Amino acid sequence: MIRPQDSAKKMINETAGELAFRRIRGDLISGALPPGSKIKLEQARDRYSVSVSTLREILSRLTTENLVVAEGQRGFEVSPASQRELLELADVRILLECHAIGLSFAAGDLDWEARLVSAHHKLSAVERSLLGGDASRTLEWVRYDWEFHQAMVSACNSATLMATLSSVFDRFLRYHLLAQSFRGQPVVDDHKRLFELAMNRDLAGACAMLTKHVQNGADHVLKSGRIP
């Protein structure tokens, strides 16, 4: 028989494990855990406040997203960054997001339009601050950037597509954070144009704009000189 205290303990452990998973994944994407660095389990245990066995489970889970590399008996390493992977992620993102946009434009209703308007409004506000020199809002911009793109495809009615796109988006974003550079007015203009095309349900125009947006982002990262 499962005792109440055992059930409660299991729930606490699961919550701690999920919290640690989100923290580690966030540190991988932000670059706080640098590409190619060794993940020392004893140090990570103290940093993320979970057991070594839980850490192993989390890191194994992150290998499926290619954010971590398992080294057999030697442990785990943060996946390296490369120009080749950046360009591959750009291509996959364009493919997935354009497909999701098509489904979303076809099914989107008034609630979908409201989500898109709200997401673009918040993104625009943060971008104005960044253009004004307030670099402290960079991480806030990262969140609102994803929320805008997510809102645009949110009516696609495919949880699997959304989850896959989210993973690819985050891995692509990792390269922008490693480059440590906001693209400025061009990215603001891209988002404004994407918003207008989405509100008009212009699929061909939106996919062309998205392709340009992603490719220009990848070029910007490469020009930073921070990716080997």
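# Questions about a predicted model

Reader: To start, which side chain is in polar contact with the side chain of Glu77?
Author: This is a predicted model, so to speak a calculated picture: local features need pLDDT of at least 70, side-chain atom pairs count only at pLDDT 80 or more, and totals for chains, interfaces and linings use all residues. Residues are numbered from 1 along each chain as its sequence is written, and side-chain values use heavy atoms, leaving out hydrogens and water. A polar contact is a pair of N or O atoms within 3.5 Å; within protein, one must be able to donate a hydrogen and the other to accept it, and residues adjacent in sequence count only if both atoms are side-chain atoms. At 3.4 Å, the partner of the Glu77 side chain is the side chain of Lys38.

Reader: Is Glu77 buried or exposed?
Author: Glu77 sits in strand 3; helices (H or I, at least four residues) and strands (E, at least two) are DSSP runs, numbered from the N terminus. Buried means under 20% relative accessible area, exposed over 50%, and partly exposed in between (1.4 Å probe, protein chains only). Glu77 has contacts (heavy atoms within 4.5 Å) that include Gly36, Ile39 and Val69, beyond four places in sequence. With a relative accessible area of 16%, Glu77 is buried.

Reader: And where is Ser79?
Author: Ser79 is buried, at a relative accessible area of 4%. Among the residues it touches beyond four places in sequence are Pro35, Asn66, Leu67 and Arg174. As for its place, look at the loop between strand 3 (76-78) and helix 4 (83-107).

Reader: Which residue's backbone oxygen does the side chain of Ser79 reach?
Author: One C-alpha separation gives a feel for the surroundings: Ser79 and Leu67 are 12 residues apart along the chain, yet 5.2 Å separates their C-alpha atoms. At 2.8 Å, the side chain of Ser79 reaches the backbone oxygen of Asn66.

Reader: How many salt bridges are there in the whole structure?
Author: A salt bridge is a side-chain nitrogen of Lys or Arg within 4 Å of a carboxyl oxygen of Asp or Glu. Some are linked into a network, as with Arg25, Glu65 and Asp170. A search of the whole structure gives a total of 17.

Reader: Which side chain does Arg45 meet in a salt bridge?
Author: Arg45 is partly exposed at 33% relative accessibility. Its partner is partly exposed too, at 46%, and sits three residues away in helix 2 (residues 41-48), which means about one helical turn between them. The N to O distance is 3.0 Å, and the partner is Glu42.

Reader: What about the salt bridge of Glus196's side chain: which residue does Glu196 meet?
Author: Glu196 is partly exposed, with a relative accessible area of 30%, and its partner is partly exposed at 40%. The two are three residues apart in helix 8 (residues 185-199), so about one helical turn separates them. Their N to O distance is 3.3 Å, and the partner is Arg193.

Reader: Are Asp190 and Arg183 buried or exposed?
Author: The side chains of Asp190 and Arg183 meet in a salt bridge, at 3.2 Å from N to O. Both of these residues are buried.

Reader: What is the phi of Asn157 near?
Author: Most residues other than glycine have a negative phi. Asn157, in the loop between helix 6 (138-153) and helix 7 (159-179), is exposed at 68% relative accessibility. Its phi is positive, though the residue is not a glycine, and lies near 60°.

Reader: How many disulfides does the structure hold?
Author: A disulfide is a pair of cysteine sulfur atoms within 2.5 Å. The sulfur of Cys207 is 3.2 Å from the closest cysteine sulfur, in Cys98, which is too far for a bond. The number of disulfides is zero.

Reader: Where in the protein is confidence lowest?
Author: pLDDT is the predictor's confidence in each residue, from 0 to 100. The protein's mean is 90, and 93% of its residues reach 70 or more, but pLDDT stays under 50 over residues 1-13. Confidence is highest in helix 4, at a mean of 97, and lowest, at a mean of 72, in helix 1 (residues 4-30).
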